[in-house]
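Let's take a walk through this model together, starting with the overall layout and then moving inward. Keep the view open beside the text as you read.

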Amino acid sequence: MKIFNKYFKQLVVILLFIFLILIGLIFTSEDKTYMETRHKKVVVIGDSRMELIDNGKDYSKQIPNNITFIAKSGMKNEWFNDFVLMRLTDLLKNPEYKYDVIINLGVNDICFGDETKSISEYTNSIRLLAKLFNNTNFYVLSVNPVNENLIFDYFDVNPLPNKKIQVYNTKLINFIKKEKLQNLNYCNAFDKIKYTTKDGLHYTEQTNEKIISYILNDCIKKH
């Protein structure tokens, strides 16, 4: 009887341990579980579209703790080169973590700037980053579409048909193909998500949830 009680107690402890593990898996969100098991740190660089996700104005789900946003409304290539490169370099120098970097800029350059100049400056900087930090994976996320019928009711912008955005994205794709760097990839969210906007430029909460899910589960390599 003593032997039985001894093994019975051990069995109970083992079963309780397994139960707690299963409960943890059930109540952990899909994105958070992915982040914890697949990646240590993810940096998402963007403009107002990402800022509205980061500050929760157009995003209500819990963002995994391993994601850091560097995002600011209205920003273009000058901000990327003057501010982001310094901030990013400081982060990537930390040997404690392995990073995946998502770069999602360009819509303001197309709307309000010189897209030819901007894409040249972006690609030069991205090339430098990818070569300097060759143990970091860099992902250029497509500039995603606008609602052409709605945007001019809210913004004074240059003519911005989605075909123009697609030309910009094609240049990014061709740049990445030409460079042939293993740690530099393109993520085509433009064709993978059905987009709905509030004002022609910024997305609804539901669309932003799709974007974050795409980044975590489709864009970033499963390694």
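## A walk through the fold

Of the 223 residues in the chain, 46% are buried, where buried means under 20% relative accessible area, exposed means over 50%, and partly exposed covers what lies in between (1.4 Å probe, protein chains only). Keep in mind that this is a predicted model, so local features need pLDDT of at least 70 and side-chain atom pairs count only at pLDDT 80 or more, while totals for chains, interfaces and linings use all residues. Residues are numbered from 1 along each chain as its sequence is written, and side-chain values use heavy atoms, with hydrogens and water left out.

The chain has 8 helices and 5 strands; these are DSSP runs numbered from the N terminus, with helices being H or I of at least four residues and strands being E of at least two. Follow the chain along its sequence and you read α-α-β-α-β-α-β-α-α-β-α-β-α. Take contacts next, meaning heavy atoms within 4.5 Å. Among the contacts between residues at least 6 apart in sequence, 77% join residues at least 24 apart.

A good place to go inside is strand E3, residues 99-104. Here 6 of the 6 residues are buried, so the strand is largely enclosed by the rest of the structure. Tyr 99, Val 101 and Ile 103 point one way from E3, Asp 100, Ile 102 and Asn 104 point the other way, and all are buried. Strand pairing here requires that DSSP finds at least two bridges between the strands. Strand E1 (residues 41-46) runs parallel to E3 and is joined to E3 by 6 bridges, with Val 44 standing opposite Ile 102. Strand E4 (residues 137-141) also pairs with E3 in the parallel sense, over 4 bridges. In that pairing, Asp 100 has Asn 137 as its bridge partner.

Now slide along E4 to Leu 141, which lies in that strand. Leu 141 counts as buried at 1% relative accessibility. Setting aside residues up to four places away in sequence, Leu 141 touches Met 50, Ile 102, Ile 103, Asn 104, Cys 187, Ala 189, Tyr 214 and Ile 215. Pick out Ile 215 from that set: Leu 141 and Ile 215 are 74 residues apart in sequence, yet 8.4 Å apart in space, C-alpha to C-alpha.

Next comes Ser 142, in the loop between E4 and H7. Ser 142 is buried, with a relative accessible area of 0%. What does the side chain of Ser 142 reach at 3.0 Å? One partner is the backbone nitrogen of Ala 189, and the backbone nitrogen of Phe 190 also lies 3.0 Å from a polar atom of the Ser 142 side chain. For reference, a polar contact is a pair of N or O atoms within 3.5 Å; within protein, one must be able to donate a hydrogen and the other to accept it, and residues adjacent in sequence count only if both atoms are side-chain atoms. Beyond its neighbours within four places in sequence, Ser 142 is in contact with residues including Asn 104, Asn 169, Tyr 186 and Cys 187.

That last residue leads to the structure's 1 disulfide, a term that here means a pair of cysteine sulfur atoms within 2.5 Å. The partners are Cys 187 and Cys 219, with their sulfur atoms 2.0 Å apart. Cys 187 lies in strand E5 (residues 184-187) and Cys 219 in helix H8 (residues 205-219), so the pair ties together parts that are 32 residues apart in sequence. The torsion about the S-S bond of Cys 187 and Cys 219 is about 80 degrees, so the disulfide is right-handed. Both cysteines are buried.

Finish with helix H7 (residues 162-179), which has 18 residues. From first C-alpha to last, H7 reaches 26 Å, close to the 26 Å expected at 1.5 Å a residue, the expected span being 1.5 Å times one less than the number of residues. Its buried residues include Ile 165, Tyr 168, Asn 169, Leu 172 and Ile 176. Seen down the axis of H7, the buried residues fall within an arc of 135 degrees, so they line one face of the helix; the arc is that of the directions from the helix axis to the C-beta atoms. Covering them are, among others, helix H5 (107-112), helix H6 (115-132), E4 and E5. On the other side of H7, Lys 163, Lys 177 and Lys 178 are exposed. Just after H7, Lys 180 takes a positive phi of about 55 degrees.
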